[in-house]
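Reader: I am new to this structure and would like to know what stands behind the words used for it. Please take me through them one at a time.

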Amino acid sequence: MSNISQKQNTYLFIDGSNFRQYFNETTQKWFGQQVDFDLQQIKYFFQAEKVFYYDCTDDIKTDNENQQTFDERVEAQEKKLNKIREVEGCHVYLGSLSGKGKKKRQKEVDVLLAVQMMEHAFRGNMRKAVLLSGDKDFRPLVESLVRLGLFIEVVADQHHISTDLIHSADANKKLSIDEYLQFTPINTEKRGLPNYQNLQIFIERYRDDGFFLSKQGKWKDYDVYIFSRNDNSGSWFTTNNVSIHNNTAWVTKDINNILKYFELRFGEIDWK
(Lines give C-alpha, C1' and ligand atoms only; values in the text may rest on other atoms or scores of the structure.)
Protein backbone atom coordinates (compact mmCIF):
# COMPACT_ATOMS: atom_id res chain seq x y z
CA MET A 1 0.00 0.00 0.00
CA SER A 2 2.87 2.36 0.82
CA ASN A 3 4.32 1.90 -2.67
CA ILE A 4 1.07 3.09 -4.24
CA SER A 5 0.94 6.25 -2.12
CA GLN A 6 4.53 7.12 -3.01
CA LYS A 7 4.11 6.90 -6.79
CA GLN A 8 5.42 10.03 -8.48
CA ASN A 9 2.98 9.74 -11.38
CA THR A 10 2.06 12.81 -13.42
CA TYR A 11 -1.42 13.81 -14.56
CA LEU A 12 -1.77 16.48 -17.25
CA PHE A 13 -4.83 18.76 -17.30
CA ILE A 14 -5.34 20.81 -20.46
CA ASP A 15 -7.50 23.91 -20.78
CA GLY A 16 -8.26 23.19 -24.44
CA SER A 17 -9.48 26.63 -25.52
CA ASN A 18 -6.52 28.45 -23.96
CA PHE A 19 -3.96 26.03 -25.38
CA ARG A 20 -5.53 25.84 -28.86
CA GLN A 21 -5.61 29.61 -29.30
CA TYR A 22 -1.89 30.19 -28.84
CA PHE A 23 -0.79 26.93 -30.44
CA ASN A 24 -2.79 27.86 -33.56
CA GLU A 25 -1.52 31.46 -33.62
CA THR A 26 2.13 30.41 -33.44
CA THR A 27 2.10 27.41 -35.77
CA GLN A 28 0.01 29.24 -38.39
CA LYS A 29 2.57 32.05 -38.51
CA TRP A 30 5.36 29.49 -38.93
CA PHE A 31 3.80 27.14 -41.50
CA GLY A 32 1.50 29.65 -43.20
CA GLN A 33 -1.44 27.35 -42.56
CA GLN A 34 -3.23 25.71 -39.67
CA VAL A 35 -1.87 22.41 -38.36
CA ASP A 36 -3.31 20.07 -35.73
CA PHE A 37 -1.62 19.26 -32.45
CA ASP A 38 -0.85 15.66 -31.56
CA LEU A 39 -1.95 14.63 -28.04
CA GLN A 40 0.37 11.63 -28.14
CA GLN A 41 3.33 13.98 -28.59
CA ILE A 42 2.11 16.28 -25.81
CA LYS A 43 1.62 13.36 -23.44
CA TYR A 44 5.13 12.11 -24.19
CA PHE A 45 6.63 15.61 -23.78
CA PHE A 46 5.27 15.92 -20.22
CA GLN A 47 5.84 12.23 -19.40
CA ALA A 48 2.22 12.09 -18.24
CA GLU A 49 0.55 8.86 -17.19
CA LYS A 50 -2.90 10.29 -17.90
CA VAL A 51 -4.17 13.34 -19.81
CA PHE A 52 -7.47 15.14 -19.21
CA TYR A 53 -8.55 17.49 -21.99
CA TYR A 54 -11.31 20.06 -21.38
CA ASP A 55 -13.02 21.93 -24.19
CA CYS A 56 -16.33 22.35 -25.96
CA THR A 57 -17.53 22.08 -29.54
CA ASP A 58 -18.68 25.18 -31.37
CA ASP A 59 -22.14 23.85 -32.18
CA ILE A 60 -23.88 27.23 -32.51
CA LYS A 61 -24.94 27.92 -36.07
CA THR A 62 -23.96 31.34 -37.38
CA ASP A 63 -26.37 33.54 -39.31
CA ASN A 64 -24.54 33.09 -42.64
CA GLU A 65 -24.04 29.29 -42.35
CA ASN A 66 -26.15 26.84 -44.31
CA GLN A 67 -26.97 23.48 -42.75
CA GLN A 68 -24.36 21.52 -44.73
CA THR A 69 -21.53 23.88 -43.79
CA PHE A 70 -22.61 23.78 -40.15
CA ASP A 71 -22.80 19.97 -40.07
CA GLU A 72 -19.37 19.63 -41.71
CA ARG A 73 -17.80 22.08 -39.25
CA VAL A 74 -19.22 20.30 -36.19
CA GLU A 75 -18.23 16.91 -37.61
CA ALA A 76 -14.64 18.10 -38.14
CA GLN A 77 -14.46 19.20 -34.50
CA GLU A 78 -15.81 15.86 -33.32
CA LYS A 79 -13.20 13.99 -35.40
CA LYS A 80 -10.41 15.96 -33.70
CA LEU A 81 -11.84 15.18 -30.26
CA ASN A 82 -12.16 11.50 -31.13
CA LYS A 83 -8.52 11.47 -32.19
CA ILE A 84 -7.63 12.70 -28.69
CA ARG A 85 -9.87 10.06 -27.09
CA GLU A 86 -8.04 7.35 -29.02
CA VAL A 87 -4.71 8.15 -27.34
CA GLU A 88 -4.07 5.74 -24.48
CA GLY A 89 -4.66 7.39 -21.11
CA CYS A 90 -6.35 10.47 -22.61
CA HIS A 91 -9.87 11.56 -21.63
CA VAL A 92 -12.04 14.35 -23.06
CA TYR A 93 -14.60 16.34 -21.06
CA LEU A 94 -16.82 18.90 -22.74
CA GLY A 95 -18.64 21.94 -21.50
CA SER A 96 -21.09 24.00 -23.52
CA LEU A 97 -21.00 27.18 -25.58
CA SER A 98 -23.34 30.15 -25.33
CA GLY A 99 -23.72 33.47 -27.12
CA LYS A 100 -22.96 34.42 -30.70
CA GLY A 101 -20.09 35.92 -32.66
CA LYS A 102 -17.50 37.64 -30.46
CA LYS A 103 -19.77 37.09 -27.43
CA LYS A 104 -19.39 33.31 -27.55
CA ARG A 105 -18.32 31.99 -24.16
CA GLN A 106 -17.51 28.54 -22.84
CA LYS A 107 -19.56 27.33 -19.88
CA GLU A 108 -18.63 24.73 -17.24
CA VAL A 109 -15.23 23.95 -18.75
CA ASP A 110 -13.11 25.61 -16.04
CA VAL A 111 -15.34 24.16 -13.32
CA LEU A 112 -15.03 20.65 -14.77
CA LEU A 113 -11.26 20.95 -14.83
CA ALA A 114 -11.04 22.31 -11.28
CA VAL A 115 -13.44 19.77 -9.75
CA GLN A 116 -11.77 16.78 -11.38
CA MET A 117 -8.28 18.01 -10.54
CA MET A 118 -9.31 18.24 -6.87
CA GLU A 119 -10.95 14.79 -7.01
CA HIS A 120 -7.76 13.17 -8.22
CA ALA A 121 -5.78 15.03 -5.56
CA PHE A 122 -8.05 13.89 -2.68
CA ARG A 123 -8.04 10.30 -3.90
CA GLY A 124 -4.25 10.26 -4.02
CA ASN A 125 -4.18 9.31 -7.70
CA MET A 126 -1.30 11.66 -8.53
CA ARG A 127 1.69 13.26 -6.87
CA LYS A 128 2.41 15.75 -9.66
CA ALA A 129 -0.12 17.68 -11.72
CA VAL A 130 0.64 19.75 -14.80
CA LEU A 131 -1.89 22.45 -15.66
CA LEU A 132 -1.67 23.55 -19.28
CA SER A 133 -3.29 26.98 -19.08
CA GLY A 134 -2.23 30.57 -18.45
CA ASP A 135 -5.61 31.64 -17.06
CA LYS A 136 -5.34 33.59 -13.79
CA ASP A 137 -8.72 32.21 -12.68
CA PHE A 138 -6.98 28.92 -11.85
CA ARG A 139 -4.77 30.53 -9.18
CA PRO A 140 -6.99 29.53 -6.19
CA LEU A 141 -7.10 25.95 -7.49
CA VAL A 142 -3.33 25.77 -7.84
CA GLU A 143 -2.78 27.25 -4.38
CA SER A 144 -5.16 24.68 -2.83
CA LEU A 145 -3.41 21.78 -4.55
CA VAL A 146 -0.01 23.03 -3.39
CA ARG A 147 -1.31 23.19 0.19
CA LEU A 148 -2.49 19.58 -0.17
CA GLY A 149 1.13 18.61 -0.82
CA LEU A 150 1.06 17.98 -4.55
CA PHE A 151 3.77 19.24 -6.88
CA ILE A 152 2.05 21.58 -9.34
CA GLU A 153 3.56 22.81 -12.60
CA VAL A 154 1.85 25.51 -14.66
CA VAL A 155 2.53 25.57 -18.42
CA ALA A 156 1.33 28.19 -20.91
CA ASP A 157 2.28 30.39 -23.83
CA GLN A 158 5.31 32.56 -23.07
CA HIS A 159 3.40 35.76 -23.91
CA HIS A 160 0.09 34.80 -22.26
CA ILE A 161 0.66 33.41 -18.79
CA SER A 162 -0.49 35.05 -15.58
CA THR A 163 2.33 36.06 -13.24
CA ASP A 164 0.05 35.39 -10.26
CA LEU A 165 -0.58 31.87 -11.57
CA ILE A 166 3.15 31.24 -11.98
CA HIS A 167 3.89 32.40 -8.45
CA SER A 168 1.22 30.12 -6.99
CA ALA A 169 2.73 26.96 -8.53
CA ASP A 170 5.82 24.94 -7.65
CA ALA A 171 7.22 25.21 -11.17
CA ASN A 172 6.35 26.69 -14.53
CA LYS A 173 7.19 26.29 -18.19
CA LYS A 174 6.63 28.88 -20.92
CA LEU A 175 5.81 27.54 -24.36
CA SER A 176 7.31 28.99 -27.52
CA ILE A 177 7.73 27.97 -31.15
CA ASP A 178 10.24 25.27 -30.10
CA GLU A 179 7.72 23.41 -27.94
CA TYR A 180 4.73 23.99 -30.21
CA LEU A 181 6.54 22.36 -33.13
CA GLN A 182 7.23 19.32 -30.96
CA PHE A 183 3.49 19.06 -30.34
CA THR A 184 2.74 18.64 -34.07
CA PRO A 185 2.75 15.34 -35.99
CA ILE A 186 5.26 16.91 -38.41
CA ASN A 187 8.68 15.27 -38.24
CA THR A 188 11.86 17.15 -37.33
CA GLU A 189 13.20 17.40 -40.89
CA LYS A 190 10.04 19.06 -42.18
CA ARG A 191 9.60 21.57 -39.34
CA GLY A 192 12.00 23.97 -41.05
CA LEU A 193 13.85 25.16 -37.96
CA PRO A 194 17.16 26.96 -38.61
CA ASN A 195 20.41 25.16 -37.87
CA TYR A 196 22.70 26.04 -34.99
CA GLN A 197 26.46 26.09 -35.48
CA ASN A 198 29.36 26.96 -33.23
CA LEU A 199 30.11 30.58 -34.02
CA GLN A 200 33.91 30.37 -33.90
CA ILE A 201 34.08 27.19 -35.96
CA PHE A 202 31.70 28.65 -38.52
CA ILE A 203 33.78 31.84 -38.88
CA GLU A 204 37.05 29.92 -39.23
CA ARG A 205 35.57 27.52 -41.80
CA TYR A 206 34.31 30.28 -44.09
CA ARG A 207 36.81 33.02 -43.30
CA ASP A 208 38.34 32.93 -46.78
CA ASP A 209 34.96 33.32 -48.47
CA GLY A 210 34.49 36.69 -46.82
CA PHE A 211 31.48 38.11 -45.05
CA PHE A 212 29.73 41.43 -44.96
CA LEU A 213 27.32 42.85 -42.41
CA SER A 214 24.03 42.92 -44.31
CA LYS A 215 21.73 43.96 -41.50
CA GLN A 216 21.87 45.16 -37.90
CA GLY A 217 19.16 45.87 -35.37
CA LYS A 218 18.11 45.92 -31.73
CA TRP A 219 16.23 43.37 -29.69
CA LYS A 220 15.45 44.81 -26.25
CA ASP A 221 18.86 46.16 -25.16
CA TYR A 222 20.89 43.79 -27.33
CA ASP A 223 22.36 44.05 -30.80
CA VAL A 224 21.45 41.52 -33.48
CA TYR A 225 23.45 40.97 -36.66
CA ILE A 226 23.01 39.30 -40.01
CA PHE A 227 26.20 38.48 -41.90
CA SER A 228 26.08 37.19 -45.47
CA ARG A 229 28.75 35.47 -47.54
CA ASN A 230 30.13 37.33 -50.54
CA ASP A 231 28.95 34.64 -52.94
CA ASN A 232 25.37 34.99 -51.58
CA SER A 233 25.30 31.28 -50.79
CA GLY A 234 24.21 31.71 -47.18
CA SER A 235 23.83 33.92 -44.14
CA TRP A 236 24.25 33.66 -40.42
CA PHE A 237 22.45 35.45 -37.64
CA THR A 238 23.63 36.13 -34.09
CA THR A 239 23.19 38.48 -31.14
CA ASN A 240 25.40 39.78 -28.35
CA ASN A 241 22.99 38.38 -25.77
CA VAL A 242 25.15 35.53 -24.44
CA SER A 243 22.19 33.75 -22.80
CA ILE A 244 20.62 33.32 -26.25
CA HIS A 245 23.46 32.71 -28.66
CA ASN A 246 25.88 30.96 -26.23
CA ASN A 247 28.65 31.17 -28.83
CA THR A 248 26.40 29.84 -31.59
CA ALA A 249 24.85 31.29 -34.72
CA TRP A 250 21.78 30.40 -36.73
CA VAL A 251 22.84 29.47 -40.23
CA THR A 252 20.58 29.33 -43.26
CA LYS A 253 20.20 29.92 -46.98
CA ASP A 254 16.90 31.69 -46.30
CA ILE A 255 17.46 34.50 -43.81
CA ASN A 256 13.73 35.16 -43.58
CA ASN A 257 13.37 31.75 -41.95
CA ILE A 258 15.69 32.76 -39.11
CA LEU A 259 14.08 36.16 -38.69
CA LYS A 260 10.64 34.60 -38.39
CA TYR A 261 11.95 32.06 -35.89
CA PHE A 262 13.72 34.67 -33.77
CA GLU A 263 10.70 36.95 -33.60
CA LEU A 264 8.35 34.09 -32.70
CA ARG A 265 10.80 32.78 -30.09
CA PHE A 266 12.09 36.00 -28.54
CA GLY A 267 10.20 39.01 -29.91
CA GLU A 268 10.30 41.68 -32.59
CA ILE A 269 13.54 43.22 -33.81
CA ASP A 270 13.93 46.97 -34.36
CA TRP A 271 16.06 47.18 -37.53
CA LYS A 272 18.31 50.18 -38.04
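Author: This is a predicted model. A place to begin is the largest pocket, where α4 gives the most to the lining, with eight residues.

Reader: Which other elements supply at least two residues of that lining?

Author: Besides α4 (67-85), α2 and β2 (50-55) each supply at least two. The pocket has a volume of about 640 Å³ and is lined by 25 residues. Those nearest its centre are Arg20, Tyr53, Asp55, Gln77 and Lys80.

Reader: How do the residues of the lining of the largest pocket divide by class?

Author: They divide into ten nonpolar, five polar and ten charged. Asp, Glu, Lys and Arg count as charged, so Arg20, Asp55 and Lys80 from the centre of the pocket belong to the charged class. Tyr counts as nonpolar, so Tyr53 is placed there.

Reader: What makes a space a cavity rather than a pocket?

Author: In a cavity a 1.4 Å probe fits but cannot get out, whereas a pocket is an open set of points. The structure holds one cavity of 30 Å³ or more, with about 40 Å³ of space in it.

Reader: Which residues line the largest cavity?

Author: The lining is made of Asn18, Phe19, Tyr22, Leu132, Ala156, Asp157, Leu175 and Tyr180. Two elements, α2 (16-31) and β7 (151-157), give two or more residues each. The most come from α2, with three residues. By class there are six nonpolar, one polar and one charged. Asp counts as charged, so Asp157 is the charged one.

Reader: Why is Ile258 called buried?

Author: Buried means under 20% relative accessible area. Ile258 has 0%, so the word applies. Ile258 lies in helix α11 (residues 255-265). Leaving out residues up to four places away in sequence, Ile258 touches Pro194, Phe237, Trp250, Val251 and Thr252.

Reader: How far apart are the C-alpha atoms of Ile258 and Ile226?

Author: They are separated by 9.9 Å, and the two residues are 32 apart along the chain.

Reader: Is Thr10 buried or exposed?

Author: The value for Thr10 is 9%. The limit for buried is under 20%, so Thr10 counts as buried. Thr10 lies in strand β1 (residues 10-15). With residues up to four places away in sequence not counted, Thr10 touches Phe46, Gln47, Ala48, Glu49, Lys50, Lys128 and Val130.

Reader: What makes the contact between Thr10 and Lys128 count as one?

Author: Contact means heavy atoms within 4.5 Å. Lys128 is among the residues that Thr10 touches, so the pair meets that limit.

Reader: How many disulfides does the structure hold?

Author: The structure holds zero disulfides. A disulfide is a covalent bond between the sulfur atoms of two cysteines. The cut-off here is a pair of cysteine sulfur atoms within 2.5 Å, so no pair passes it. As for cysteines, Cys56 is buried at 7% relative accessibility, and Cys90 is buried at 6%.

Reader: Why is the pair of Arg73 and Glu65 called a salt bridge?

Author: The cut-off is 4 Å from a side-chain nitrogen of Lys or Arg to a carboxyl oxygen of Asp or Glu. For Arg73 and Glu65 the N to O value is 2.7 Å, so the pair qualifies. Arg73, at 24% relative accessibility, is partly exposed, while Glu65, at 13%, is buried. A network of salt bridges links Asp58, Glu65 and Arg73. In total the structure holds eleven salt bridges.

Reader: What parts does the pair of Lys136 and Asp164 tie together?

Author: Their side chains meet in a salt bridge at 3.3 Å, N to O. Lys136 lies in the loop between β6 (128-132) and α6 (139-147), and Asp164 lies in helix α7 (residues 163-168), so the bridge ties together parts 28 residues apart in sequence. Lys136 has 45% relative accessibility and Asp164 has 35%. Partly exposed runs between 20% and 50%, so both residues are partly exposed.

Reader: How do you know that Asp223 and Lys218 form a salt bridge?

Author: Their closest N and O atoms are 3.0 Å apart, and the limit is 4 Å, so the pair counts as a salt bridge. Asp223 is buried, with a relative accessible area of 14%, whereas Lys218 is partly exposed at 30%.

Conventions: Residues numbered from 1 in each chain as written. Predicted model: local features only at pLDDT ≥ 70, side-chain atom pairs only at ≥ 80, totals over all residues. Heavy atoms only, no water. Helix = DSSP H or I, 4+ residues; strand = E, 2+ residues; numbered from the N terminus. Buried < 20%, exposed > 50% of the residue type's maximum accessible area, 1.4 Å probe, protein only. 1 Å grid on protein atoms, 1.4 Å probe; cavity = no way out; pocket = protein on both sides within 12 Å on 5 of 7 lines; lining within 4 Å. Points joined across faces, edges and corners; volume = space filled by probe spheres on them.
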